[in-house]
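Welcome, and please open your viewer. We will go from stop to stop, with something to select at each one.

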Amino acid sequence: MIKLAHPIVEEDEQQAVLEALRSGQLAQGPRVAAFERAFAEYVGVPHAVAVNSGTAALHTALLAHDIGSMSSGGDAGDEVIVPAFSFAATANTVLQAGARPAFVDIRDRDFNIDTESLASAITPRTRAIVGVHLYGQVCDAPTIRALCDKYGLIFVEDAAQAVGGSLRGHNAGSIGTGCFSFYATKNLTTGEGGMITTNDAVVAERARAIRSQGERTRYVTEELGWNYRMTEPAAALGLAQLAKLDARNRRRRENAARLNELLAGNDRIVTPNETPGQVHAWHQYTIRVKAGREARDRLQSALHDRGIESVVFYPAPIHQQPLYRRLGYGDLELPVATRLAEEVLSLPIHPALSGNDLLAVADAVNSVTAPNN
Ligand SMILES: *Cc1c(COP(=O)(O)O)cnc(C)c1O
């Protein structure tokens, strides 16, 4: 089976984890601090705060900005604008903070938030905009930043899929408050893990308290906090993975270019591309099957029969998920998100693929979608 994702943990990375296990300190300690410093430097911001998932990073970032009724000072009724086409955590964490998500549509050229629809989505209750860098391509963060500055809003970047990506020289996670995930299939993994990046020392300091029971001094609970701390073995793996990230992302980029070349003549599908100014992190290589859901699902099962795994990220926009329907979002009209959920299919591009694997993937896609098939 050619898998969609294949976490790579080489000998030296395994060694780093073993050293952490033997060090006598398993919970948050010096390796977490070292990973934070290295990650902040990589992204190009002064502060990084490690947590134990990307979900924890998003939740903590919202709370550290005082958004939602779960933070000590926030007002109930806070709204946070999120794109409807993303992983559920993008919106779930808004609910977890005690705020309401306001869903907006995406644009089909890069699957990211449609900045044209933002201004009309802003209400007096809006506190923040979450921009997602879907599949590894940075959303129009400079435009969102400008809008946030104009309306006094917080900009949170859901950079879970975009570690190593950038737009016009701005690294993912350096324009707003960055939230990263180090889940097993992400470009950099610690098994489970996450990171918040920020230019704001106050936000960083508050995030550190929130990840650890709201304590600034041991056993003095100043505000509501959680246990979102990262472990030492996880941080050791993260540090070792960071050293190899650029090389692995280059492999993803080469694999994406190769697939684009092999699929170039296929007019049944739309292949993904970098929009101008982007360095795409190529977390996913996502094609669109123009004929829609039925043809897409047929392609996916035919690929499976040929030993190729593919995944639909995501089969439905978030506002159409059962929870969000119950909360009253089901009737929202977000046509691009709804259509793309029927067309998208992510193919393998991970760094461990061989040239033959890529050929097999492209051959299978081309033969299954051929007009006489
Ligand atoms: C992976 C992911 C998250 C959540 O990260 P976890 O580490 O799984 O909690 C959030 N948003 C997006 C877009 C993701 O891909």
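**Stop one: a lysine and its partner**

Select Lys244 first: at a relative accessible area of 18%, this residue is buried. Keep in mind as you click around that the model is predicted. Now add Glu10, which forms a salt bridge with Lys244, with 2.6 Å between the closest N and O atoms. The two are 234 residues apart: Glu10 sits in the segment before helix H1 (11-22), while Lys244 belongs to helix H8 (residues 232-262). Glu10 is partly exposed, at 38% relative accessibility.

**Stop two: two salt bridges of helix H2**

Stay on helix H8 and select Glu232, then Arg31 in helix H2 (residues 30-43); the pair is 201 residues apart. Their salt bridge has its closest N and O atoms 3.6 Å apart. Is Glu232 buried or exposed? Glu232 is buried, at 0% relative accessible area, whereas Arg31 is partly exposed at 23%.

Next, pick Glu36 and Arg211, a salt bridge with 2.9 Å between the closest N and O atoms. Glu36 lies in helix H2 and Arg211 in the loop between helix H7 (201-210) and strand S10 (215-217), so this pair ties together parts that are 175 residues apart in sequence. Both Glu36 and Arg211 are buried.

For a wider selection, show Asp66, Glu205, Arg206, Arg216, Glu222 and Glu223, which a network of salt bridges links.

**Stop three: strand S4**

Switch to a cartoon and select strand S4 (residues 126-132), where six of the seven residues are buried. S4 pairs in the parallel sense with strand S2 (residues 79-83) over three bridges, and with strand S5 (residues 154-158), also in the parallel sense, over five bridges. Centre on Ile129: this residue is the bridge partner of Ile81 and stands opposite Phe155 in S5. Then trace the chain from S4 through helix H6 (residues 141-151) to S5, a right-handed β-α-β crossover.

**Stop four: where the domains meet**

Colour domain 1 (11-242) and domain 2 (246-368) separately. Their centres, taken over C-alpha atoms, are 25 Å apart. The contact involves 39 residues from domain 1 and 37 residues from domain 2. Between the domains about 3,200 Å² is buried, with carbon and sulfur atoms giving 54% of this area. Which residues of domain 1 lose the most area to domain 2? Select Phe103, Tyr135 and Asn187, which together account for 22% of what that side buries.

To finish, look for the two salt bridges between domain 1 and domain 2, and display Glu13 with Arg248, whose side chains meet in a salt bridge at 2.9 Å, N to O.

Key:
Residues are numbered from 1 along each chain as its sequence is written. This is a predicted model: local features need pLDDT of at least 70, side-chain atom pairs count only at pLDDT 80 or more; totals for chains, interfaces and linings use all residues. Side-chain values use heavy atoms; hydrogens and water are left out. Buried means under 20% relative accessible area, exposed over 50%, partly exposed in between (1.4 Å probe, protein chains only). Helices (H or I, at least four residues) and strands (E, at least two) are DSSP runs, numbered from the N terminus. Two strands pair if DSSP finds at least two bridges between them. A crossover is right-handed if, with the strands pointing away from the viewer, the path from the first strand over the helix to the second runs clockwise. Domain bounds come from an automatic or database domain assignment. Contact means heavy atoms within 4.5 Å. Buried area is the accessible area (1.4 Å probe) that two parts lose on being put together, summed over both. A salt bridge is a side-chain nitrogen of Lys or Arg within 4 Å of a carboxyl oxygen of Asp or Glu.
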